Every structure is written in structure tokens, then in C-alpha cells.
Amino acid sequence: MVLIRSRWLLLSAAILSAGAEIIITPEPAQPAEGDNVTLAVQGLSGELLAYNWYAGPTLSLSYLVASYIVSTGDETPGPAHTGREAVRPDGGLDIQGALPGHSGTYILQTLNRQFQTEVGYGHMQVYEILAQPVVVANSTALVERRDTLHLTCSSPSPAEVRWFFNGDALPIAVRLGLSPNGRVLTRHGIRREEAGAYQCEVWNPVSVSRSEPVNLTVYFGPERVAILQDSTTRTGCTIKVDFNTSLTLWCVSRSCPEPEYVWTFNGRALKSDQDHLNISSMTATQEGTYTCIAKNPKTLLSGSASVVVKLSAATVIMTIVPVPTRPMEGQDVTLTVQGYPKDLLVYAWYRGPASEPNRLLSQLPSGNWIAGPAHTGREVGFPNCSLLVQKLNLTDAGRYTLKTVTLQGKTETLEVELQVALLE
């Protein structure tokens, strides 16, 4: 038997019959790692004495897997035998638990009774069961148009790679940033619409594995900063508010993350760092320009918006409030006027009804005030129509009347009752 095999191996290198067509196909056609595979053979002809199987591109002894004698069923392993191969009586080759390393070219060489040889070639690819890849990012929080994104699909397998964005196949525009092997995704000047979940997937014909998502945040803004009168209604440049009513101003913008807020009133900073500003009990002292400044701590950009808040002229109600409300004998009291006419021409204060003998003082268009017949020397007038009465005594208690005249000639009279408490 040894003599036959030695003679067969020598002849195999020298005598090849022409025109033979031996077909070798793996079963299954696309085996996975760990599958039992048969390299099935078709096209064998004549009465055969022996088979030689090679795992390699040439009939080299180093590639010899096994030799098989048909008449006895004896099989002799060769240098390329891995311990998993067995030659079948019909010439096929069984591989138990095939590994990716079994992939490659296989050659079957046959010997007939005329000591002629024929060869057949086949190829087998054993696909590995793929481990889960990992997406590695240079950063998961970037600034729009400034930073560059680098994502790498890390996998020990040379398998094909495809990318997913928010669960869907990567958009064409983003795919243009892929490396030739598809494993590195680069985006220069990242945009906000590219924020989301990125995954990569490795695949072959028998296995597929997708990575866990990497969530990318893109910082931008603030943009389109605006002030709204409520959370949904956009305002113009001026907001008119009824006297003694409340107003909430909302600062809105397009920004990621949510910006930090600073509010100012007529250029003076207010103690508010929220996205809204509450103005309660609107009076003339709260009229003016309100500005919201939105600052993004990540992009270091800022934006602002302003509105002018005014009292509605048709609804301004003038009121008089004593300060303090219950003054004591010997104290000073200010009869504070709220909602006085902005187009004021003159005003006059009276001690009691509005008649000339009762006039305490009048303010002229020049802004100066003059004393009236009832002036005691303790009364002082102010441009906002308020009246200061100094060093009260019990006789100062009673009715006070304010009379105003506007540039349009409109006259308004308002009374207030002053109470003076006895000093104990």
C-alpha cells in the first residue's frame, strides 16, 4: 500500500489527463463558522484508484490535506490536515466544525487505473459569526460649523461595514464623509441636523451585528431671539398694557443647550435669570424698554431682543396713595399719584373741594410750582403730581383734591381722604 501511494504521489506531478472537468462545490454554499461542510464533487469519470485533497493554490506537498485509497478506504493525513477533514468514498471532503481559516482554494486530484490524473478546483469561504462592533467618537458634544466629527467603527473582523443614523441608513450627504473602507466617518463643520444616534453594523452573508448607539449633541445658537407677550403670541416692538394689570414677557430663541437669560429695563439689569419676566400691577413707573439677552454657554454666542411696554392711554386710571398709608402726627406724608397724564399741562392741589380759596399750590408748564391761598408752608409739589405734606398735625386730616389739565385741554379731578393718627 505504501508503494502504491508513493508511486501515486510521483505520478501526480507528471501525468495529467486533458479535458477533465471536475466540479467542487461546498455544501452549504455559504458556510458559517462552526458548520459541518462537505466539499461535494461532480464529474468524476472512470474507475479511480485514489484521491488527493489539497488546501492551497497548487499541487504542493505542503498543501496536501489527505490521500485516500479507494479500494481499501485508507486515508493518510498530509501536512495541511487540521484534524477536522475526512475524505469520503465518493471523493468528497468533509470538514467538521469549519473555521474561517479553512477558507480558500481546494484542489482534488484523482488517479485512475491507467495511472492518469485529473484535477478539479473549488473555493470555499467560511464566514465568521461576527462580534458586536463599537463606535468610537472623538467627542459626543460639538459646536455647529466649528467642530469636526470623527466616528470609527471598531471591529476585529474584516467584514463589510454600514452606518445607521437614528435607526435608518446613513443619508447620502453624510456617507460622502466615509473612508474608503467605510469604517471611519468624518464630518467637517458639523451641522445641527446631524445630531442624533449613530450606529455601525458589520455583516457578511451569514452574520450581522450592530453596535450600541452613540448619541451626538450639536450645540448652536442662540438664534431668532424674540420677546413674546405670552408663551405663544409673538409681539411687535411695542406692547400696550392696561393700568394695574399684570404682564408676562417670554424670551424665546433657537438654541442648544437652553441659553442663560439676562433681563434689563431701560438698560439696567434686573434680578431675573429665567426665560420669562413677570410685571405685576402695571403703573407708569414700569413703562420703558425691556430687553432679553440670551447667552449660550457652549457656543459662547449671544443674541437679544427688546420691546417697549407702555400703558394703554385710554385705560390709564389715575390714583392717589398716601405714603405711609396711616401717618402719625408729626410725620411727613406723600400723596403719591400713579397714572398721571403724560401730556400734563398744569395741576393744582386743594385742601377740600377744588375752589380757589382752598388751593394749596399749582405747578406751571415751566415745572415750577406756586403757592395758593391755603398753602401753609409745609406743602411741596413734584413733577409727577404728588404732594408732600410735612410735619402733620391733626388738622391736616381730611379731604385733598387734585385737578389736572392736559395739553389737549382735558380736565380730571381726583380726591383722597387723609387720616392722621394721634401720637401716643
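**Exercise 1.** In this predicted model, determine how Cys256 is classed by relative accessibility and which cysteine sulfur is nearest to that of Cys256.

*Solution.* Step 1: the relative accessibility of Cys256 is 21%. Step 2: buried requires under 20% and exposed over 50%, so Cys256 counts as partly exposed at 21%. Step 3: the nearest cysteine sulfur belongs to Cys251, 16 Å away, and Cys256 is in no disulfide.

**Exercise 2.** Establish whether Cys237 is buried or exposed.

*Solution.* Step 1: Cys237 has a relative accessible area of 64%. Step 2: the cut-off for exposed is over 50%, so Cys237 is exposed.

**Exercise 3.** Characterise the disulfide that joins Cys251 to Cys292.

*Solution.* Step 1: the S to S distance is 2.0 Å, which satisfies the cut-off of within 2.5 Å. Step 2: the torsion about the S-S bond is about -85 degrees, so the link of Cys251 and Cys292 is left-handed. Step 3: Cys251 lies in strand β20 (residues 247-256) and Cys292 in strand β24 (residues 288-295); the pair therefore ties together parts 41 residues apart in sequence. Step 4: Cys251 is buried at 3% relative accessible area, and Cys292 is buried at 0%.

**Exercise 4.** Characterise the disulfide of Cys153 and Cys200.

*Solution.* Step 1: the sulfur atoms of Cys153 and Cys200 are 2.1 Å apart. Step 2: with 70 degrees about the S-S bond, this link is right-handed. Step 3: Cys153 in strand β12 (residues 149-154) and Cys200 in strand β16 (residues 196-204) are 47 residues apart. Step 4: both Cys153 and Cys200 are buried.

Terms used. Residues are numbered from 1 along each chain as its sequence is written. This is a predicted model: local features need pLDDT of at least 70, side-chain atom pairs count only at pLDDT 80 or more; totals for chains, interfaces and linings use all residues. Side-chain values use heavy atoms; hydrogens and water are left out. Helices (H or I, at least four residues) and strands (E, at least two) are DSSP runs, numbered from the N terminus. Buried means under 20% relative accessible area, exposed over 50%, partly exposed in between (1.4 Å probe, protein chains only).
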